[in-house]
Amino acid sequence: MRANVDVIVAGGGTAGSVVAGRLVEAGARVLLVEAGPDHGPRTSGRWPQELLDANTIPSSHDWGYVSDDGRAMPFERARVIGGCSAHNGCTINWGHRADYDGWAQPGWSADDLLPLFEAASGRMRVRRFADDELTPWHAAFIDAGVELGLPRVDLLETFDVAPSVCAEPSNSPDQIRWNAAFAYLDPVRDRPELVVLADTLVDHVLFEGDRATGVRVVGAGGAADLFADLVVLAGGTYGSPSILLRSGVGPAGELRTLGIEPVADLAGVGANLHDHPAFELFYAPSDELDRRTATFASTGRPVPDEQGFASVASSQAAGGIVDLHIFPEVSLDRRLGIFVACLTPRSRGRLRLRSAAPDDPPALDHAYLSDPDGHDLAVLVEGAEMARGFAATGALAPLLASELEPGIDSDLGSAIRRGVIHYWHPVGTCAMAAVIDERGRVLGLDGLVVADASVMPQTVRATTNLPTIVVAEAIARTLR
């Protein structure tokens, strides 16, 4: 079948924006297919304010994913050009060199990736909050960390992250959430080699034998087949494995039960699903915090939900490398919280299709806290105890009236088992060595590549926005 373009990129989120932009820069004809809307370049005037405002996390443009564990916990993912980089808290960190070296894949060591991280931080316009930009809530948290003996040092854009407290690096120039579409698509928007097909869902990959030749999509005009020399899946940790499974790439027995004829029997598709398990303690603000915040806001300065940030090591941390993030925030339901996340999870879940229909969301079971040795729970319990330590300091205690949840007399282990949440960082469902090779090529098939967070075999000690951009950069580099 004659190709319409050189490359189809399925998914215009964080990774897809990077891959499409880089391939167009290299002269390739690229069709970028996105399930959500394309609001155009940053200067179009069409971007909704809630996606631009870096001071709080939006709730629009969501895929509507929920957990399959009986809790129906929301797994917020952004259905829009720019993807979750247009939807997130803008916290930037890289993780530790042991994360990438531990993948043990050619070309993926920390030293190999360092130039890409440095370039991506620049392209995403990462900045620092000045002291006079820090809200009273976040400034007091940083002071509390210093009181507890943590050095106040920005050690987040490095592979040698160490226990510290700081104001987070943030991709928010002028309080604008600088998403991957602004950084990577806008520079090539006027190039004839780029076509963006928005509001169009990718159903499955088309094959001739064991070679991918294009994709079937569903849009306002119904279904259509689009052809290319190369197909790159960038639908994210939930989207890319779903497309593969609908295409007949995955566990053969599981596919047959859904009426899908297998093309490649790859048991790893959908497996290895994991995220940083997390827990949040909620507090009632004191009158003093309300007073200070009102005074701060009266100056006209923004009041962001997230600014302060601590990286710490629990007693479970291998080699003393940080394994916890702790930070103050105003949560999605507007409550005052201290958020705790385990960065080294051992629990693994799975993504499965409910049916072969492209608009039927997958069943998502992260299997949080299921690791048999109890590592993940132990790390979170220590993290919650540390969060209470922050709350009890001279810097922070005057700003908090009481612990609302789980309650100061509660058993933390039981509370965390009941209330474990996620950190918005799912990875692993198309992992290197299990589903793809080190260049992103799907094992046993030609013309098909995956390039997003799903390829990470093990998550990193970081918020995954910038690492996902670097994954996309690294795979795009091999395609160029």
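# A guided tour of the predicted model

Begin by selecting strand β13, residues 336–342, together with β12, for the two run antiparallel and are joined by 7 bridges. Keep in mind throughout that this is a predicted model. Within this pairing, pick out E329, whose bridge partner in β13 is G337.

Now widen the selection to the whole sheet, which is open and consists of 6 strands in the order β3-β11-β12-β13-β10-β16, with antiparallel pairing. At its edges stand β3 (164–167) and β16 (400–405), each of which has a single partner strand, so one side of each is left without a neighbour in the sheet. If you look along the strands, neighbouring ones are turned against each other by 25° on average, direction ignored.

Next add helix α5, residues 136–147, which lies across β3, β11 (308–312), β12, β13 and β16 and runs at about 150° to β12. From this helix, move on to the aromatic rings, of which the model holds 18 pairs. One of them is formed by F141 and F390, which are stacked with 4.4 Å from centre to centre and 5° between the planes. F141 belongs to helix α5 while F390 belongs to helix α10 (residues 375–391), so the pair ties together parts that are 249 residues apart in sequence.

Select the two edge strands again, this time for the loops that follow them. In the loop between β16 and α11 you will find P406, and the peptide bond that joins E405 to P406 is cis, with omega of about 0°. In the loop between β3 and α6 (180–185) lies D174, a residue other than glycine whose phi is nonetheless positive, near 55°. Both places deserve a pause, since most residues other than glycine have a negative phi, and most peptide bonds are trans.

The next stop is another run of strands. Strand β5 (residues 201–208) pairs with strand β6 (residues 211–219) in the antiparallel sense over 7 bridges, and here L206 stands opposite G214. The hairpin of these two strands has 2 residues between them, and in it G209 takes a positive phi near 65°. On to strand β7 (residues 222–233), which is joined to β6 by 6 bridges and runs antiparallel to it. G214 appears here once more, now standing opposite F227 in β7, and the connection from β6 to β7 is a hairpin through 2 residues.

Finally, turn from strands to empty space. Which residues should be selected to find the centre of the second largest pocket? This pocket has a volume of about 440 Å³, and of the 24 residues that line it, E280, F282, D333, R335 and I421 are the closest to its centre. Its lining draws at least two residues from each of β10 (278–285), β12 (324–330) and α11 (412–419), and the lining residues divide into 12 nonpolar, 3 polar and 9 charged.

For the last selection, go to the cavity, since the count comes to 1 cavity of 30 Å³ or more. Its volume is about 110 Å³, and among the 16 residues that line it, A54, N55, G89, P304 and E306 are the closest to its centre. By class, the lining of this cavity has 4 nonpolar, 7 polar and 5 charged residues.

Note on methods. Residues are numbered from 1 along each chain as its sequence is written. This is a predicted model: local features need pLDDT of at least 70, side-chain atom pairs count only at pLDDT 80 or more; totals for chains, interfaces and linings use all residues. Side-chain values use heavy atoms; hydrogens and water are left out. On a 1 Å grid over the protein atoms alone, a cavity is a set of points where a 1.4 Å probe fits but cannot get out, and a pocket is an open set with protein on both sides within 12 Å along at least five of seven lines; lining residues have an atom within 4 Å of a point. Grid points are joined across faces, edges and corners, and a volume is the space filled by probe spheres set on the points. Helices (H or I, at least four residues) and strands (E, at least two) are DSSP runs, numbered from the N terminus. Ala, Val, Leu, Ile, Met, Phe, Trp, Tyr, Cys and Pro count as nonpolar, Asp, Glu, Lys and Arg as charged, and the others, Gly among them, as polar. Two strands pair if DSSP finds at least two bridges between them. Axes are lines fitted to C-alpha atoms, for helices over the stretch in contact, and angles run from 0 to 180 degrees between N-to-C directions. Contact means heavy atoms within 4.5 Å. Rings of Phe, Tyr and Trp (its six-membered ring) pair if their centres lie within 6.5 Å; planes under 30 degrees apart count as stacked, over 60 as edge-to-face and the rest as tilted.
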